[in-house]
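Subject: Structure handover and notes

Dear colleague,

I am passing on the structure that I have been reading, and my notes follow below it. Please keep the structure open while you go through them.

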Amino acid sequence: MTGPAEQPALPTATEDTPEVPGWAEKSVRDIFAALPVTDTRLDAIRDGYLDCLAGAGRTQDLDMEHDRCRLRAIAAIGENGLLPAAQVKDLDQRLAALEADITANL
């Protein structure tokens, strides 16, 4: 007769999900507010981007998760033709720099 089946170990600690720091959320809102277009679709894309950043995974995957969030937002802007290509590229670069700051300050 064998002993009781081994149960999987219960986690001893929960993984922390990074949140978007208040300064970063304000920066994202400022970046989007400075765009030369006022369109409610941009507001929805911005809010989706912030939600995605807030739900980013474990710290070691944070850069990849941030990239995924940013690329989704940029793709949505491009698909909807909300900004000229040069401004989309500038927005992508500004958000990438902000994401690097978020990661560096966690």
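A residue is called buried when its relative accessible area is under 20%, exposed when that value is over 50%, and partly exposed in between. With that in mind, Cys52 and Cys69 are both buried. Please remember throughout that this is a predicted model, and that the values below are computed from it.

Since those two cysteines have come up, let me begin with them. The structure holds one disulfide, formed by Cys52 and Cys69, whose sulfur atoms are 2.1 Å apart. Cys52 belongs to helix α2 and Cys69 to helix α3, so this pair ties together parts that lie 17 residues apart in sequence. The link of Cys52 and Cys69 is left-handed, with -80 degrees about the S-S bond.

Turning to the protein as a whole, the secondary structure comes to four helices and zero strands, and from the N terminus on the elements run α-α-α-α. The protein has 106 residues, of which 33% count as buried. The accessible surface comes to about 7,000 Å², and 53% of that surface belongs to carbon and sulfur atoms. If one takes the contacts with a separation of 6 or more, residues 24 or more positions apart account for 69% of them.

Which residues touch the most other members of the largest nonpolar core? This core has 24 residues, and the ones in question are Phe32, Ile45, Tyr49, Ile77 and Leu91. The elements that give two or more residues to the core are α1 (22-33), α2 (40-54), α3 (62-79) and α4 (85-104), and α2 gives the most, with six residues. Ile77 is a good place to look in the viewer: leaving aside its neighbours within four places in sequence, Ile77 is in contact with Phe32, Leu42, Ile45, Leu82, Leu83, Val88 and Leu91.

Helix α1 allows a small check that you can repeat yourself. At 1.5 Å a residue, the 12 residues of α1 should span 16 Å, and the C-alpha atoms at its ends are indeed 16 Å apart, which agrees. Within α1, the residues Ala24, Val28, Ile31 and Phe32 are buried. These four cover an arc of only 95 degrees around the axis, which puts them on the same side of α1. On the other side of α1, Gly22, Lys26 and Ala33 are exposed. What do the buried residues of α1 pack against? They pack against α2, α3 and α4.

Finally, there is Pro36, which sits in the loop between α1 and α2. Is Pro36 buried or exposed? Its relative accessible area is 57%, and because the cut-off for exposed is over 50%, Pro36 counts as exposed. Leaving aside its neighbours within four places in sequence, Pro36 is nevertheless in contact with Leu83 and Gln87. Gln87 lies in helix α4 and is partly exposed, with a relative accessible area of 31%. Although Gln87 and Pro36 are 51 residues apart along the chain, their C-alpha atoms are separated by 9.2 Å. For Pro36 and Leu82, which are 46 residues apart along the chain, the C-alpha separation is 9.8 Å.

With best wishes

Note on methods: Residues numbered from 1 in each chain as written. Predicted model: local features only at pLDDT ≥ 70, side-chain atom pairs only at ≥ 80, totals over all residues. Heavy atoms only, no water. Core = buried A, V, L, I, M, F, W, Y, C linked by side-chain atoms within 4.5 Å. Buried < 20%, exposed > 50% of the residue type's maximum accessible area, 1.4 Å probe, protein only. Contact = heavy atoms within 4.5 Å. Expected span 1.5 Å × (residues − 1). Arc of directions from axis to C-beta. Areas by Shrake-Rupley, 256 points an atom, 1.4 Å probe, with all protein chains shown as cover. Disulfide = S-S within 2.5 Å.
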